[in-house]
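Colleague: I have a new model on my screen and would like to learn how to read it. Could you take me through it feature by feature?

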Amino acid sequence: MYLSRFLSLHALWVTVSSVIQHYPSVWGHYDVCKTQIYTDEGKTWDYTACQPEAIDMMKYVKVNLDPPNITCGNPPETFCGMGNPYMCSECDATIDELAHPPELMFDAEGRHPYTFWQSTTWKGYPKPLQVNITLYWNKTIELTDNIVITFESGRPDLMILEKSLDYGRTWQPYQYYASDCLNAFNMEPKTVRDLSQQTVLEIICTEEYSAGYTANSKIVHFEIKDRFAFFAGPRLRNMASLYGQLDTTKNLRDFFTITDLRIRLLKPATGDIYVDRQHLTRYFYAISNIQVVGRCKCNLHATGCREENKKLLCECEHNTTGPDCGKCKKNYQGRPWSPGSYLPIPKGTANICLPSISSFGTPPKFDRIWPNISSLGVSNPNQANVCDNELQICQNGGTCHNNARCICPPAYTGVLCEKRKCEKDPEGCITGQGAISLPQLILLLLPIAPLGLSGGFVF
Ligand SMILES: [Ca+2]
């Protein structure tokens, strides 16, 4: 008896261990849009929320400099070291070895000396030396890692990082950078560590990255991961919490979403309070690398994003279409388009577009109140097929009965079993019948599994 109890406990432990080990590597990835499942009625699809992998977005970036003639070397000019104004070199756009065009901000590094873009020197002083570097993708992108700008000159005394969400029509500041925030922007200096969950969207001015030539570091950050950490913990292990927040808080989601970035270089490093007018060739901007890591925003309806005619496009699933999978495909207007949802963890909700119902004919143009499938009911047996195994597939394990109705699993409802029952519950979807939430799972496991959910997780 003891042996059988031990064996069943052991079996439970093996199951539990495999769940624990499996969960962290699976739950946040959303790397599959659908899987084929087998039911009594045969094969069908189980749809899940999905998103592309995060990638190096600089491979796809386009750049625009303003003013356009701000790159050094045309005509050739001399520039000198900040530390030693007598150590000088040439910038000449006509000689490869001496040219510093903008694309050198995005080439693969790994060799010394680094390749870099460089501006003209501040020979027009006291007229400000200002440059706008606009990075654009013609695609909505979700940032997943810090933006990192590497300067080969001193880091600027004044700089603003801006973002656009509408392809450069309007701009919002992301972060201010200054050696003296109060003086430059009338803002109290802060670092991202001064923020909290409640103030994570605050736009701050930081003095952390403007120490110019005197500091060893050449790097300027915009801290994405530190902001994620307010929700996911310092090592970003609790991504479920972050995903939950992103799902329910549009402002937070939008904060990390961009179509364009603009680096506004407003004053070069001077290394001192005063500008040395005798040696204006010491003052310029030079950038060797910009890191932007993110994923195509596909509204949780695609895992692929490809470049076509130099434009990034989501490879949409779930009967959606558009560059961001932002609308339903033709003939799939059975209910209003909706983005997928990260919840419930780990698979999310696909919110697929449902087939239009042909018996209703073509919906009148501009008629936004065309009946949606969930309001149709199944009372009229003469109406067109409600479900079949090809187009109108019962979801979430539901089975199609006589083409007239879907027989749904206990936790689901809706004509095609597309809705979780607890959606109606004002308390949210905490205890779905037949489904077990992650917090529940952890609580259940704690007495016999005194270890945290750990494991490498890559956002
Ligand atoms: Ca470079």
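Colleague: Let's start with one residue: does proline 410 count as buried or exposed, and why?

Modeller: Proline 410 counts as exposed, because it has 10 C-beta neighbours inside 10 Å, and the cut-off for exposed is 12 or fewer. Keep in mind that this is a predicted model. Proline 410 sits in the loop between β22 (405–407) and β23 (412–413). Its C-alpha atom is 9.2 Å from that of arginine 420, which is 10 residues away along the chain.

Colleague: Which residue can I set beside it as partly exposed?

Modeller: Try asparagine 64, which is partly exposed because 14 other C-beta atoms lie within 10 Å. This asparagine belongs to strand β4 (residues 62–66). Between asparagine 64 and isoleucine 133 there are 6.0 Å in space, C-alpha to C-alpha, although they are 69 residues apart in sequence.

Colleague: How much of the chain counts as buried?

Modeller: Of its 459 residues, 35% do. The chain has 6 helices and 24 strands. Among contacts with a separation of 6 or more, 64% come from residues 24 or more positions apart.

Colleague: Where do the buried residues of helix α4 lie around its axis?

Modeller: The general idea first: an α-helix has 3.6 residues a turn, so residues three or four places apart point the same way. Now the case here: in α4 (residues 239–248) the buried residues are Met239, Ala240, Leu242, Tyr243, Leu246 and Asp247. They span an arc of only 160 degrees around the axis, so they are on the same side of α4.

Colleague: Now a sheet, please. In what order do the strands of the open sheet with β7 and β13 run?

Modeller: In general, strands of a sheet pair through backbone hydrogen bonds, either parallel or antiparallel. Here 4 strands are ordered β7-β15-β9-β13, with antiparallel pairing. The edges are β7 (117–118) and β13 (219–222), each of which pairs on one side only. Inside the sheet, 4 bridges link β9 (residues 147–151) and β15 (residues 286–291) in the antiparallel sense. As a landmark, look for isoleucine 149 opposite isoleucine 290 in β15.

Colleague: How many residues lie between β1 and β2 in their hairpin?

Modeller: There are 2 residues between them. β1 (residues 34–39) and β2 (residues 42–47) run antiparallel and are joined by 6 bridges. One bridge to find is that of isoleucine 37, whose partner in β2 is threonine 44.

Colleague: What should I look for in the backbone angles?

Modeller: Look at phi and omega. Asparagine 299 has a positive phi, near 55 degrees, though it is a residue other than glycine. It lies in the loop between β16 (293–296) and β17 (304–308) and counts as buried, because it has 22 C-beta neighbours inside 10 Å. Histidine 318 also is not a glycine, and its phi is about 60 degrees. With 29 C-beta neighbours inside 10 Å, histidine 318 counts as buried. For omega, the bond joining leucine 343 and proline 344 is cis, at about -5 degrees. The bond from isoleucine 345 to proline 346 is cis too, with omega near 5 degrees.

Colleague: Over which residues is the pLDDT below 50?

Modeller: Residues 6–27 are one such stretch, with 20 contacts beyond near neighbours in sequence. Residues 425–459 also stay under 50, and the model has 47 contacts for them beyond four places in sequence. The chain's average pLDDT is 81, and 77% of the residues score at least 70.

Terms used: Residues are numbered from 1 along each chain as its sequence is written. This is a predicted model: local features need pLDDT of at least 70, side-chain atom pairs count only at pLDDT 80 or more; totals for chains, interfaces and linings use all residues. A residue is buried if 20 or more other C-beta atoms lie within 10 Å of its own, exposed if 12 or fewer, and partly exposed in between; C-beta atoms are placed from the backbone. Two residues are in contact if their C-beta atoms, placed from the backbone, lie within 7 Å. The arc is that of the directions from the helix axis to the C-beta atoms. Two strands pair if DSSP finds at least two bridges between them. pLDDT is the predictor's confidence in each residue, from 0 to 100.
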